[in-house]
Amino acid sequence: MIPTISVIVAIYKAEKYLYRCLNSLANQTIENYEVLLIDDGSPDNSGVICHRFAKKYPFMRAVHKANGGLSSVRQFGIELAQGEYTIHIDADDWIEPDMLEELYKKAKQEDADMVICDYFEIKRKERYVQQKPVALASDAVLRDILSGKIQAYCWNKLIRRSCYTDYKITFPIGLNFEDLFAICTLCLNNIRIAYLNKAFYHYDRYINKGSLSMTPNRMNIQSRIAFVSYIEKQLDVTAYQYELNALKCL
């Protein structure tokens, strides 16, 4: 039987908070889903923890690969996935028990290629972050992302797995902002998008001080320049000039 959802978990040096993430995935209310635990060459005990969970839960699978960075894990996970839909979860975050069930239910109701939901962001305190697009047409969602009105994170978006192959979506190896590349490329196509006005995902920006999102560096700058150059080649630049100018200033 094909799994309803493939959950792809990128794991690197996560032993301090990995139990929290994996326990939240083990306790989902949905049936018939798979969880791919992809250890990206962790030098700590993350791989051991993955095997413990995979041994205990038959729907979890522990996979080890040489360290290649987050983009390589995202791509590797998509290639391994068997589910009708996919979602990416980061090891330093966790989700509510009904997240997968609610997103899948919405996807089936709307026959959606992508379902976007709200999320909780944690710094010192937790806050609710709404991600409602101005409109659900793919070009409107793309405009919202480019202007910064909503975020291009993969972990609050359930995506039909076939979209990755149908539209040749890949995560760019060697660059940061891999989610931005993938989600915007998806939105360049006429995909069906739904929105669920609930938050299930806890995005913890406080616990992992080594997170790429918390560490400005030259690679981040180079990746943003590469993204702007890429997206300008794909778009009618005149129609999106305001959004592109805003993106360049971020």
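Helices (H or I, at least four residues) and strands (E, at least two) are DSSP runs, numbered from the N terminus.

**View 1. The whole chain, with its nine helices and nine strands.** This is a predicted model, where local features need pLDDT of at least 70, side-chain atom pairs count only at pLDDT 80 or more, and totals for chains, interfaces and linings use all residues. Residues are numbered from 1 along each chain as its sequence is written, and side-chain values use heavy atoms, with hydrogens and water left out. Of the chain's 250 residues, 56% count as buried, meaning under 20% relative accessible area with a 1.4 Å probe, protein chains only.

**View 2. Inside the largest nonpolar core.** A nonpolar core is a set of buried Ala, Val, Leu, Ile, Met, Phe, Trp, Tyr and Cys residues joined through side-chain atoms within 4.5 Å. This one has 45 residues, and Ile 5, Val 7, Val 9, Leu 25 and Leu 37 touch the most other members. Zoom in on Leu 37: leaving aside residues up to four places away in sequence, its contacts (heavy atoms within 4.5 Å) include Val 9, Phe 53 and Met 60.

**View 3. A second, separate core.** Here 32 residues come together, among them Ala 81, Tyr 164, Ala 182 and Cys 184.

**View 4. Cysteines without a disulfide.** A disulfide is a pair of cysteine sulfur atoms within 2.5 Å, and the structure holds zero of them. Take Cys 184: the closest cysteine sulfur, in Cys 187, is 6.4 Å from its own, too far for a bond. Cys 184 is buried at 0% relative accessibility, and Cys 154 is buried at 1%.

How values were computed: Buried < 20%, exposed > 50% of the residue type's maximum accessible area, 1.4 Å probe, protein only.
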